[in-house]
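Open the model in your viewer and keep the selection box handy. We will hop from one selection to the next, and each stop says what to look for.

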Amino acid sequence: MAARATWKGYLKISLVNIPIKVFPATDAGATLSFNQLHAECRTRIQQKRWCPKCEREVPNTDIVKGYEFEKGRYVVVEDEDVEKVRVQSTRVINLEKFTDDTAIDPIYLERPYYLAPDGDVAKEAFAVMREGMKGKAGIGKVALYGREYLVKVQPRERGLVMYTLRHASEIRSMDAIDELEGLPETVKPGEVKLAEQVIGTFEGDVDFASYRDEYQNGLREIIDAKIEGRDIVAPEVEAPPKVVNLMEALRKSLDSINTSKKKPAATVSRMSIPKKRAGARG
């Protein structure tokens, strides 16, 4: 099924304005979701909007948006009031600054979107600016879902990917985490060297397509079993052993890794030697 755009406007770089569409880059439907049911009759619960003062249910047509400026006091904001907010980012993503595409700390990244040209006329300008941005990321703003976001835009495959960014005020300082207090100022070089060796044995390219959500798969198995009237016995999960001696644990890690790497190699080498058939040449 073709992706559906959630925003249309312009990507502005200096004096260049490119008509674009914005598409979600992630699929929320890939995650299992649950409904709330009445345990007695298995009927889905309704969420009713209730006014405690009037003691009655309120229809959607009678609901307005209110901002609490003092305790218990609200100012009503109508849709017409919201329409009066005419910031540039409502229709234009203006990239005001460029940096290396790896320069933004990942902690600021929030949600990814894909950008594509809106119409055939926009395709050439879109492709030219995408190529010109290789290795770079543009920083700008866009108004989405009732608020203005900082965004990072950079080339990806045939298109552009846009990440909404958290503001600096939304990032908590690590100084607020008491558990990080009292960490040792220095560590033993021998332990660090062994740790680097253990980590080094796992280095390699990451293929995200090879990873599966085992939790979601397990939930799906349980749901299917309940539908079919089957019982599922949960496997026992062993608690990880406590690290008493760090050096010993690191050495055992290396030994187990080296042993596991040697076994498959010997098996493959024996299996890969073809037996000669009777009368075969060579």
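Start by selecting the hairpin of β1 and β2, which has two residues between its strands. Strand β1 covers residues 7-13 and β2 covers residues 16-24; they run antiparallel and are joined by seven bridges. Strands here are DSSP runs of E with at least two residues, helices are runs of H or I with at least four residues, and both are numbered from the N terminus. Two strands count as paired if DSSP finds at least two bridges between them. To see one cross-strand pair, pick K12 and look across to N17 in β2.

A word on what you are viewing: this is a predicted model, in which local features need pLDDT of at least 70, side-chain atom pairs count only at pLDDT 80 or more, and totals for chains, interfaces and linings use all residues. Residues are numbered from 1 along each chain as its sequence is written, and side-chain values use heavy atoms, with hydrogens and water left out.

Now zoom in on S14, in the loop between β1 and β2. What is the phi of S14 near? It is near 60°, a positive value in a residue other than glycine. Most residues other than glycine have a negative phi. S14 counts as exposed because its relative accessibility is 53%. The cut-offs are under 20% relative accessible area for buried, over 50% for exposed and partly exposed in between, with a 1.4 Å probe and protein chains only.

Next, follow β2 to its other neighbour in this tour, β9 (residues 109-117). Five bridges join β2 and β9, and the two run antiparallel. Select I20 and you will find its bridge partner in β9, P117.

Stay in β9 and select L109. At 24% relative accessibility, L109 counts as partly exposed. Which residues does L109 touch, leaving out those up to four places away in sequence? They are I104, K152, Y163, T164, L165 and R166, where a contact means heavy atoms within 4.5 Å. For a distance to check, draw a line from the C-alpha atom of L109 to that of H167: the two are 58 residues apart along the chain and separated by 9.7 Å.

For another hairpin, select β5 (residues 65-70) and β6 (residues 73-77), which run antiparallel with five bridges between them. G66 has V76 as its bridge partner in β6. Two residues lie between these strands, and G72 in the turn has a positive phi of about 80°.

Move on to R130, which sits in helix α2 (residues 120-132). Is R130 buried or exposed? R130 is buried, since its relative accessible area is 16%. Beyond residues up to four places away in sequence, R130 touches P155, E157, R158, G159 and L160.

One of those contacts, E157, makes a good next selection. E157 lies in the loop between β11 (147-156) and β12 (159-165). Although E157 is not a glycine, its phi is positive, at about 50°. At 70% relative accessibility, E157 counts as exposed.

Then select helix α3, residues 189-200. Its 12 residues at 1.5 Å a residue should span 16 Å, and the end C-alpha atoms are 16 Å apart, which agrees; the expected span is 1.5 Å times one less than the number of residues. Colour E191, L194 and V198, the buried residues of α3. They lie on the same side of α3, because they cover an arc of only 65° around the axis, an arc taken from the directions from the helix axis to the C-beta atoms. An α-helix has 3.6 residues a turn, so residues three or four places apart point the same way. Spin the view to the face turned away from the buried side, and you meet the exposed residues P189, K193, E196 and I199.

For the last close-up, select C51 and C54. The sulfur of C51 is 3.8 Å from its closest cysteine sulfur, in C54, too far for a bond. A disulfide is a pair of cysteine sulfur atoms within 2.5 Å, and the structure holds zero of them. C54 counts as partly exposed, at 46% relative accessibility.

Finally, zoom out to the whole protein chain, with its five helices and 12 strands. Of its 282 residues, 17% count as buried.
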